[in-house]
Amino acid sequence: MLKDYEKVIKNLNNNNISVIYAENKENVKNIVENLLFEGAVISNGGSVSVNECGVDKIIRDKKYYHLDRFKEGLNESEKQDVFKNIVGCDFYFCSANALTENGEIINVDGMSNRVSAIAFGPKKVIMIVGKNKIVKDVREGILRVKKIAAPKNCERLKIDNPCRKLGHCISLEKSENPDFADGCMLDTRICCNYLVSAKQRTKGRITVILVDENLGY
C-alpha cells in the first residue's frame, strides 16, 4: 500500500527525485507509455526489473529511437558508439541496487556505463524499483550489493567471480562491515564504481517508479 512508503517517497521528493507509485508490475507499462513521446531517443541498462515489467519491449517499439547496446551483431567499437550517444538521449531506463529510507539511490557497476548515465547526460532517468530494494541507509545498501545484487548478477551473467560461488562477496568472509573497495581483485569484478544519488540539482530529472512488488536483484 502507498502509505507503507510515505517516508522514502517524501525523502526522495526532498532530494528533487520524482516518485510514481505502482501497485504492481502490470501498472508499470501504462506509466512508462504516458511518460514517453513519439520519436523519443531511449536507451537502457541491463536491468532485470525493467525486463520483468515488460518495459524492454515498450522502448523497442518502432515509434521510438532505441539506442540498443544489446543489439545482435554489434562489435566493440559499435557498442562504444552506443554508449557515447546515450549521453544525449531523452530517456534512460534502469533500476537501482538499493533505495534508502533517507531518499538516496545506490548503484554500482563494473564498466560503469549505467552509473555514468544516471549521474550525467540523459535528459530523463527512469528507475523501476521494487520494494525489495528499500534499505535503511547507505551502509545497508552497500551490504545489499555484496550479499544479494553482486552474486545474483554474476550468476545471471555467468561471470565466475568468488561471490557467484559463495553466494556473497568474499569480503564478508573477513568482516561483517566491509568497505566499498573490499572484495575480489579480479579484472571481472562487477562492483567497481559506486554512485549514491542524493540531492539533485535538476528537479525531476530522475524519476523512480516504485513498485509494490519484489523485482530484480
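# Briefing: an open sheet and two helices

In this predicted model, four strands form an open sheet with mixed pairing, in the order β8-β5-β6-β9. Strands β8 (134-135) and β9 (193-197) stand at the edges with a single partner strand each, so one side of each has no neighbour in the sheet. Residues are numbered from 1 along each chain as its sequence is written, and side-chain values use heavy atoms, with hydrogens and water left out. Because the model is predicted, local features need pLDDT of at least 70 and side-chain atom pairs count only at pLDDT 80 or more, while totals for chains, interfaces and linings use all residues.

**The sheet**

- Helices (H or I, at least four residues) and strands (E, at least two) are DSSP runs, numbered from the N terminus.
- Strands β5 (residues 98-100) and β6 (residues 105-109) pair in the antiparallel sense over two bridges; two strands pair if DSSP finds at least two bridges between them.
- L99 has I105 in β6 as its bridge partner.

**Helix α7**

- Helix α7 (residues 138-157) packs on the sheet and touches β5, β6, β8 and β9, where contact means heavy atoms within 4.5 Å.
- The direction of α7 makes about 140 degrees with that of β9; axes are lines fitted to C-alpha atoms, for helices over the stretch in contact, and angles run from 0 to 180 degrees between N-to-C directions.
- At V145, α7 bends by about 45 degrees, the bend being the angle between axes fitted to the seven residues ending there and the seven starting there.
- Among the buried residues of α7 are G141, L143, V145 and A149; buried means under 20% relative accessible area, exposed over 50%, and partly exposed in between (1.4 Å probe, protein chains only).
- The cover over the buried residues of α7 includes β5, β6, β8, α8 (162-166) and β9.

**Helix α1**

- In helix α1 (residues 6-14), the buried residues are V8, I9, N11 and L12.
- Seen down the axis of α1, these residues fall within an arc of 170 degrees, so they line one face of the helix; the arc is that of the directions from the helix axis to the C-beta atoms.
- E6, K7 and K10 are exposed on the other side of α1.

**Residues with positive phi**

- Most residues other than glycine have a negative phi.
- N16, in the loop between α1 and β1, has a positive phi near 65 degrees, and N16 counts as buried at 16% relative accessibility.
- S112, in the loop between β6 and α6 (113-119), has a positive phi of about 80 degrees.
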